2 protein chains.
Amino acid sequence: MDAPSRRVEVKRAAERANYDRAVIDAILDEALICHVGIITAEGHPVVIPTIHARDGDTVYMHGSPASRLLRTMNPGAEICLTVTLLDGIVVARSAFHHSMNYRSVVVIGTARIVDDPAEKLAALELVTDHVVPGRWAQCRPVTEKEIKGTLVTALSLDEASAKIRTGGPIDDEEDYELPIWAGVIPLELTPGARVPDDRILDGVDMPPNVATYSRG
Amino acid sequence: MDAPSRRVEVKRAAERANYDRAVIDAILDEALICHVGIITAEGHPVVIPTIHARDGDTVYMHGSPASRLLRTMNPGAEICLTVTLLDGIVVARSAFHHSMNYRSVVVIGTARIVDDPAEKLAALELVTDHVVPGRWAQCRPVTEKEIKGTLVTALSLDEASAKIRTGGPIDDEEDYELPIWAGVIPLELTPGARVPDDRILDGVDMPPNVATYSRG
């Protein structure tokens, strides 16, 4: 499959490229946060972490990058949204062949401020449920004031690419004779013991989506 | 403590800002990867994940962003390096007050290509040991060709800031009367069962830095 545009084409280690939307979507959906790169009015790049959620061909971004975008961005200016899932450390026999196993996605496009109240409400539900599936329905309903006080931006997935490395180290052939351990240290983002708020009312149990939370 | 420059000053949720270099350094040192934002020759931003390591007031970056920088960047162009450590999901009684616990650092400055062979060698050792402490000394020595074939860039920490959120949800006062669970799901990047390479020589054991690997 070809890259959707030259600027999201993976040039380095091109064998790791993947332009399949199903693959791209799965990475975006698993990643808890993204890093959004913008160009400020002063002309330098800024990269800000935020939460996101995908709806079909659109990625919605929540909050602060949007506010910075609004303050500094020229209308129509392009942004880059990148997500990276770290899957492991590849330990090779030479320092040179050390690597990471990862799945990353890069999206380039023009961000749009979401003004339509219905689209904005739907995006906030998506972002909330992206972080904790099923959480939106458990919450106190959102107010008009809260919707107005939150900034949401949208980015099309028209120009997106994935880059993926999997598997063990690939050493130089002569290095396999060396008495050096090699392999992979898998990495996973895992939840720890839940910390209940001090002021939960008596008789309110932890919901299953929190109790059994996992990612990926 | 004041921000070192206006452009790395934390504007939103300013109470989460931290400009203490010891705090900034600890976040950079714990983070396995960073996201580097550059402006391409075509004038749009690109954000690329890579590995890094800090040496005093300098952050070194490895590999592919450097190559993209070299291809597309004007000499003297500024970049932004951001790292984000995800510490937890803050589950509130309202969707609006959901949040993440995190520690992030933003560094803005002009990247420098590391040409000096001694500095480059030292940077490669730092980056290797940043990912797996003590690994450099366990590896087959690096060759001249490998050093030449690797790109390393350096960024000063003169303009850096941290932003940190910790603790539980902060709900609207009236929402504490609602029968809704709230609290924190802590998150941690944890290593899984090591996957030894198929071709490790007989009698070669897993070294302790791999066997007991942990982050943070």
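Within chain B of this predicted model, B:Val91 stands opposite B:Gly183, a residue of strand 10 of chain B. That pair belongs to a wider arrangement, in which strand 5 and strand 10 of chain B pair in the antiparallel sense over four bridges. B:Gly183 also has a partner across the chain boundary, for in strand 10 of chain B the bridge partner of A:Pro196 is B:Gly183. The strands concerned there are strand 11 of chain A, residues 195-196, and strand 10 of chain B, which run antiparallel and are joined by two bridges.

Strand 10 of chain B meets its counterpart in the other chain as well. Five bridges join strand 10 of chain A, residues 183-191, to strand 10 of chain B, and these two strands run antiparallel. Two of the residue pairs can be followed by name: A:Thr190 has B:Glu188 as its bridge partner in strand 10 of chain B, while the bridge partner of A:Leu189 in that strand is B:Leu189.

The pairing of A:Leu189 with B:Leu189 leads to the question of how the two chains are placed with respect to each other. Two copies of a chain are related by a rotation about an axis and a shift along it. Here a rotation of 180 degrees, with 0.0 Å of shift along its axis, superposes chain B on chain A with an RMSD of 0.0 Å. This is the relation of a two-fold axis. Which residue of chain B comes closest to the rotation axis? The residue is B:Leu189, whose C-alpha lies at 2.2 Å from the axis.

The contact between the chains extends to other elements besides strand 10. In total, 78 residues of chain B are in contact with 78 residues of chain A. The elements that give two or more residues to the side of chain B touching chain A include strand 2 (33-39), strand 3 (45-55), helix 2 (64-72), strand 6 (99-110) and helix 3 (117-131) of chain B, and strand 5 (78-91), strand 10 (183-191) and strand 11 (195-196) of chain B are also among them. Strand 10 of chain B gives the most to this side, with nine residues. By residue type, the side of chain B that touches chain A divides into 48 nonpolar, 16 polar and 14 charged residues. Of the interface residues of chain B, 100% are also interface residues in chain A, so the copies meet through the same surface.

For the complex, the predictor gives an ipTM of 0.94 and a pTM of 0.95. Chain A averages a pLDDT of 92, and 94% of its residues score at least 70.

Turning to the single chain, chain A holds five helices and 11 strands, and its C-alpha trace spans about 65 × 50 × 35 Å along its principal axes. Of the 216 residues of chain A, 40% count as buried. Among the contacts in chain A between residues at least 6 apart in sequence, 70% join residues at least 24 apart.

Helix 1 of chain B, residues 21-30, shows how burial is distributed over one element: its buried residues are B:Ile24, B:Ile27 and B:Leu28. These residues cover an arc of only 100 degrees around the axis, which puts them on the same side of helix 1 of chain B. An α-helix has 3.6 residues a turn, so residues three or four places apart point the same way. What covers the buried residues of helix 1 of chain B includes strand 3, strand 4 (58-62), strand 5, strand 6 and strand 9 (160-165) of chain B.

B:Val23 is also found in helix 1 of chain B, but B:Val23 counts as partly exposed, because 16 C-beta neighbours lie inside 10 Å, whereas a buried residue needs 20 or more. Leaving aside residues up to four places away in sequence, B:Val23 touches B:Asn18 and B:Ala162. B:Val23 and B:Val83 are 60 residues apart in sequence, and their C-alpha atoms are 13 Å apart in space.

A last feature concerns the backbone ahead of strand 1. Most residues other than glycine have a negative phi. A:Ala13, however, has a positive phi of about 50 degrees although it is not a glycine, and A:Ala13 is found in the segment before strand 1 (17-18) of chain A. With 12 C-beta neighbours inside 10 Å, A:Ala13 counts as exposed. In the other chain, B:Ala13 has a positive phi near 50 degrees, lies in the segment before strand 1 of chain B, and is exposed, with 12 other C-beta atoms within 10 Å.

Technical notes:
Residues numbered from 1 in each chain as written. Chains lettered and ligands numbered in written order. Predicted model: local features only at pLDDT ≥ 70, side-chain atom pairs only at ≥ 80, totals over all residues. Contact = placed C-beta atoms within 7 Å. Nonpolar A, V, L, I, M, F, W, Y, C, P; charged D, E, K, R; others polar. Pairing = 2+ DSSP bridges. Least-squares fit on C-alpha atoms with pLDDT ≥ 70 in both. pLDDT = per-residue confidence, 0-100. Arc of directions from axis to C-beta.
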